[in-house]
Every structure is written in C-alpha cells, then in structure tokens.
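Hi everyone, thanks for coming. I have one structure to walk you through this morning, so let's put it on the screen.

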Amino acid sequence: MTESRSFDQIAAELRSCRLCRDAPQFLPGLPHEPRPIVQGSASSRLCIASQAPGTQAHRSGIPFHDASGRRLRAWLGLTEAEFYDRMRVAIIPMGACFPGQDAKGGDLPPRRECATIWRSPLMNALPKLELVLLIGRYAQMWHLGPAGTGGLTRTMMQWREFLSAPVRPRILPLPHPSWRNNVWLRQNPWFETDVLPALRSEVRAIMTSGKTETAL
Ligand code: SF4
C-alpha cells in the first residue's frame, strides 16, 4: 500500500504512541511513560539513523543534547543550530522512546516494536534524503541487512563501498559517539584520519544544497 501521510502527520502519530507501555509486543513492557522523540521534515536531506534516547534525552525531549551529541556534531562539522534544523536534518532513532536500563545501568536495546511499526513509514516520508548515517549496530542491522551484522570494525572498514554504492539515499555507517566507543576509536585511528574528513565534506555539501533549495 502506498504511504500517503506526510512526515509531519506520521511524526505526530508517533509522538502520541504508547504501545510499548500499554500493549507491548515484547515483554516486559516499558515501565515508564513513553516520550517518543523524532526530528525531521519532508525537506530533510541528511538523516541520522540513531539508536534510542538515553536518560538525558528522555528528560529533556531533545536528542543528542549531551556529550555524545557534542562529539557527533564535531564529527559532522555541524553547529547545534544546523544539527537541530529539522528542515535539513532528520533524526530517526531505531526506538523513539527511552527503553530503560539493565541491572548494571546500561541502556536497554531500542524497543523492537518501534522499527516494525514506524520506521518504514517515516523513512518513506523523507523523499529528499541524500545521506543516511547509521549510528550504531541496530541502525546498521536494519538498513544494511546481513552486511551490517559483522560487527563494528568489519562494517566500518567497508565505509567507502557503502558511501559510493549507487543508491539513493546513500548510506554511511558510523560508530556510536558514546564514550563507550573510546577504546574502539583509539584502536582505529583511520576513522579520524580517513572517514571524518570525507564525512564532513559530504555533510557540508548536503547542508549547503539544502539551504539553497529551502531558501527558494
Ligand atoms: S518506542 Fe516506539 S513503538 Fe514503543 S511506545 Fe515509543 S514510539 Fe511507540
């Protein structure tokens, strides 16, 4: 069936979703009030396919407004104003609500219900997308299929192939900018020397072309 709803309509429906608390398909259900977080518009050209909100985003309602977000913006070469410009940048997490934490205080995986119900309609309502950044393994597995299941290093080592593949939108996997990946970043300095300059160049071109079009 063809999706006829706009991104704004789907995002509004998502923001009122309470499925994982009221009728979870995977147990246990969410023990807290869901607060779905998503950003974007039909004109967005860059998509950050992220994981799920953490405690801070759950409290504030703002995605990546923390140390991980500062690192991600530095990787992308974006200011806060650019990053949160929904006309140009979409932020579509694999799970739109904070999933809770495990006994050790680590965030649980994104709620599986969310991608099943919301992901395809949201992505299909972003017709201007030029580049989708796959942040972390859940987004990589969903968007890349079997090619995204080989682990972070193996997936990242194919970054040039992913980025140059003749598909629209193009796709680039990235590690999650969390401090939890500091060891991986130290062990793989080519990420900083090779991937980040290419990433910044791509993002700058997209942001500039988006600015030109939305200004018309
Ligand atoms: S995680 Fe997704 S499916 Fe679950 S309540 Fe939040 S918006 Fe709904």
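I'll start at the ligand, move on to a helix beside it, and then visit a few spots in the backbone.

One thing to keep in mind first: this is a predicted model.

So, where does the ligand sit? The answer is the largest cavity. Around the ligand you'll find Cys17, Arg18, Leu19, Cys20, Pro36, Cys97, Arg111, Cys114 and Trp118. Two helices, α2 (19-22) and α6 (112-124), are the elements that give two or more residues to that shell. And what is the shell's character? Seven of its residues are nonpolar, two are charged, and no polar residue takes part. The cysteines are easy to pick out on the screen: Cys17, Cys20, Cys97 and Cys114 are among the residues around the ligand.

Let's stay with α6 for a moment. This helix has 13 residues, and from its first C-alpha to its last it reaches 19 Å, close to the 18 Å expected at 1.5 Å a residue. Where is α6 kinked? Please look at Trp118: a kink of about 45° lies there, shortly before the proline Pro121. Trp118 is also one of the residues around the ligand, and Trp118 is listed among the buried residues of α6 as well. The others in that buried set are Glu113, Cys114, Ala115, Arg119, Pro121, Leu122 and Met123.

Now step back along the chain to Gln101, in the loop between β2 (89-93) and α6. Is Gln101 buried or exposed? Its relative accessibility is 41%, so Gln101 counts as partly exposed. If you want a feel for distances, the C-alpha atoms of Gln101 and Trp190 are separated by 32 Å, with these positions 89 residues apart along the chain.

Next, the backbone. As a reminder, most residues other than glycine have a negative phi, and most peptide bonds are trans. Which peptide bonds do I want to show you, then? One is the bond from Leu27 to Pro28, which is cis, with omega near -5°. Pro28 is in the loop between α2 and β1 (46-50). Another cis bond runs from Arg168 to Pro169, again with omega near -5°. Pro169 is in the loop between α9 (159-164) and β4, and with a relative accessible area of 24% Pro169 is partly exposed. The C-alpha atoms of Pro169 and Gly29 are 34 Å from each other, and the two residues are 140 apart along the chain.

For phi, have a look at Phe64. This residue is not a glycine, yet its phi is positive, at about 55°. Phe64 lies in the loop between α3 (55-60) and α4 (67-76). Because its relative accessible area is 11%, under the 20% cut-off, Phe64 counts as buried. The C-alpha of Tyr84 is 9.6 Å from that of Phe64, and they are 20 residues apart along the chain. Tyr84 itself is in the loop between α5 (80-83) and β2, and is partly exposed at 22%.

My last stop is Leu172, in strand β4 (residues 170-174). This leucine is buried, with a relative accessible area of 2%. From Leu172 to Arg200 you count 28 residues in sequence and 12 Å in space, C-alpha to C-alpha.

That's my tour, and I'm happy to go back to any of these spots on the screen.

Methods:
Residues numbered from 1 in each chain as written. Predicted model: local features only at pLDDT ≥ 70, side-chain atom pairs only at ≥ 80, totals over all residues. Heavy atoms only, no water. Near = heavy atom within 4 Å. 1 Å grid on protein atoms, 1.4 Å probe; cavity = no way out; pocket = protein on both sides within 12 Å on 5 of 7 lines; lining within 4 Å. Sits in = over half its atoms within 2 Å of the grid points. Helix = DSSP H or I, 4+ residues; strand = E, 2+ residues; numbered from the N terminus. Nonpolar A, V, L, I, M, F, W, Y, C, P; charged D, E, K, R; others polar. Expected span 1.5 Å × (residues − 1). Bend = angle between axes of the 7 residues up to and from the residue. Buried < 20%, exposed > 50% of the residue type's maximum accessible area, 1.4 Å probe, protein only.
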